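Biologist: I'm new to this one and would love a guided tour. Could you show it to me first, and then take my questions one at a time?

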Amino acid sequence: GILWVPTLHQITLLNRRSWELTETEIMMQQDQVVEEQLQTEDDDDSFFQDIDMLQNQGINAADLKKLKSAGICTIRGIQMTTRKRLCNIKGISEAKMDKIKEAAAKLGDAGFMTALEYSDKRRMVFKIQTGSSELDKLLGNGIESMAITEAFGEFRTGKTQLSHTLCVSCQLPGPGGYTGGKVVFIDTENTFRPDRLKPIADRFNLDHEAMLDNVLYARAYTSEHQMELLDYVAAKFHEEPGVFKLLIIDSIMALFRVDFSG
């Protein structure tokens, strides 16, 4: 066999080449991260299209303002609102409603996409940890975003406690690049207590004041008031995109049971 002993000059060249390769790899990884971030931003923009874009389709700003006051701030929001409800908005006639729906249909997608395209959209979904590893396992690694999760059960089974825990755990970074965010809590039964959040914050080593400042709270008194608060929340989410990660309503049906019989 042949034993090769490199000289000091050769070692220097090898180290320099190794360092150059490492630097190139790091730059390539950084470029890839930037491209992924830009792709995510593009996905966000396509999913949450501002209704102001309808002005280019002949819809006047005054009518768009009326839609925003009703909590409809995106093209997807128009697609998810029935024609009857649009007509119930003060100042929106049936003719205007038809024009708005037609304009939204031009800007929105046709409703169909390939499974590959939908798979790309699903990459935007993140999971919020519940604070219980066993419950996270049952939920598939946590509470899923872009979805409605309902917790139901008998009295004193921990539903409100879970809501309080999520107010804190939602602010923590999680798997899949989740960075944490703020929470909106709509209380319909006067069960929300900030003091219950403090021991949970201690568990995760969070500052009490900073943690409480990240929870936006409102008390709903009637089913109509609850719907008005939801309109406000929709506008808030639109004004501060990406800031709020979770909306909690505890409980969502209590006021409707009081206001409606049967």
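Biologist: Where is the place of Asn-141?
Modeller: One thing to know as we begin: this is a predicted model, where local features need pLDDT of at least 70, side-chain atom pairs count only at pLDDT 80 or more, and totals for chains, interfaces and linings use all residues. Residues are numbered from 1 along each chain as its sequence is written, and side-chain values use heavy atoms, with hydrogens and water left out. Helices (H or I, at least four residues) and strands (E, at least two) are DSSP runs, numbered from the N terminus. In those terms, Asn-141 sits in the loop between α7 and β2.

Biologist: What is phi of Asn-141 near?
Modeller: Asn-141 is partly exposed, with a relative accessible area of 38%; that class lies between buried (under 20% relative accessible area) and exposed (over 50%), with a 1.4 Å probe and protein chains only. Although Asn-141 is a residue other than glycine, its phi is positive, near 90°.

Biologist: Which residue in the loop between β3 and α9 has a positive phi of about 60°?
Modeller: This residue is not a glycine either. At a relative accessible area of 40%, it counts as partly exposed. The loop between β3 and α9 is where you will find Asn-190.

Biologist: Which residue does a cis peptide bond join to Asp-250?
Modeller: The omega angle of this bond is about -10°. Look in the loop between β5 and α12. The partner of Asp-250 there is Ser-251.

Biologist: How many helices and strands does the chain have, and what share of its residues is buried?
Modeller: The chain has 12 helices and 5 strands. Of its 262 residues, the share that counts as buried is 29%.

Biologist: Which backbone oxygen does the side chain of Lys-101 reach?
Modeller: Lys-101 belongs to helix α5, residues 94-107. It is buried yet has no salt bridge, meaning a side-chain nitrogen of Lys or Arg within 4 Å of a carboxyl oxygen of Asp or Glu. With Lys and Arg counted as positive, Asp and Glu as negative, and His and the chain ends not counted, the nearest side chain of opposite charge is Asp-98, 9.0 Å away. What the Lys-101 side chain does reach, at 2.7 Å, is the backbone oxygen of Thr-81.

Biologist: Which salt bridge network includes Lys-66?
Modeller: Lys-66 and Asp-63 both lie in helix α2 (residues 61-69), 3 residues apart, about one turn of the helix. An α-helix has 3.6 residues a turn, so residues three or four places apart point the same way. The side chains of Lys-66 and Asp-63 meet in a salt bridge at 3.6 Å, N to O. Salt bridges that share partners extend this into one network of Asp-63, Lys-66 and Lys-96.

Biologist: How many residues apart are Glu-144 and Arg-122?
Modeller: Their side chains meet in a salt bridge (3.3 Å, N to O). The pair links distant parts of the chain, with Glu-144 in strand β2 (residues 143-144) and Arg-122 in helix α6 (residues 115-122). Along the sequence, their separation is 22 residues.

Biologist: Which elements give two or more residues to the largest nonpolar core?
Modeller: A nonpolar core is a set of buried Ala, Val, Leu, Ile, Met, Phe, Trp, Tyr and Cys residues joined through side-chain atoms within 4.5 Å. The largest has 18 residues, and Ile-128, Cys-167, Leu-197, Leu-246 and Ile-248 have the most contacts inside it. The elements you asked for are α8 (159-169), β3, α9 (194-203) and β5.

Biologist: How many residues make up the second, separate core?
Modeller: Among its members are Leu-54, Ile-59, Ile-89 and Met-97. The count for this core is 16 residues.

Biologist: What separates the C-alpha atoms of Cys-170 and Gln-129?
Modeller: Cys-170 lies in the loop between α8 and β3 and is buried, with a relative accessible area of 0%. Leaving aside neighbours within four places in sequence, its contacts (heavy atoms within 4.5 Å) include Ile-128, Tyr-178 and Leu-246. Gln-129 is 41 residues away along the chain, yet the C-alpha separation is 7.0 Å.

Biologist: What is the reach of helix α11 from its first C-alpha to its last?
Modeller: Helix α11 covers residues 223-239, 17 residues in total. The expected span is 1.5 Å times one less than the number of residues, which gives 24 Å here. The model comes close to that, at 25 Å.

Note on methods:
Polar contact = N/O pair within 3.5 Å; in protein donor to acceptor, adjacent residues only side chain to side chain.
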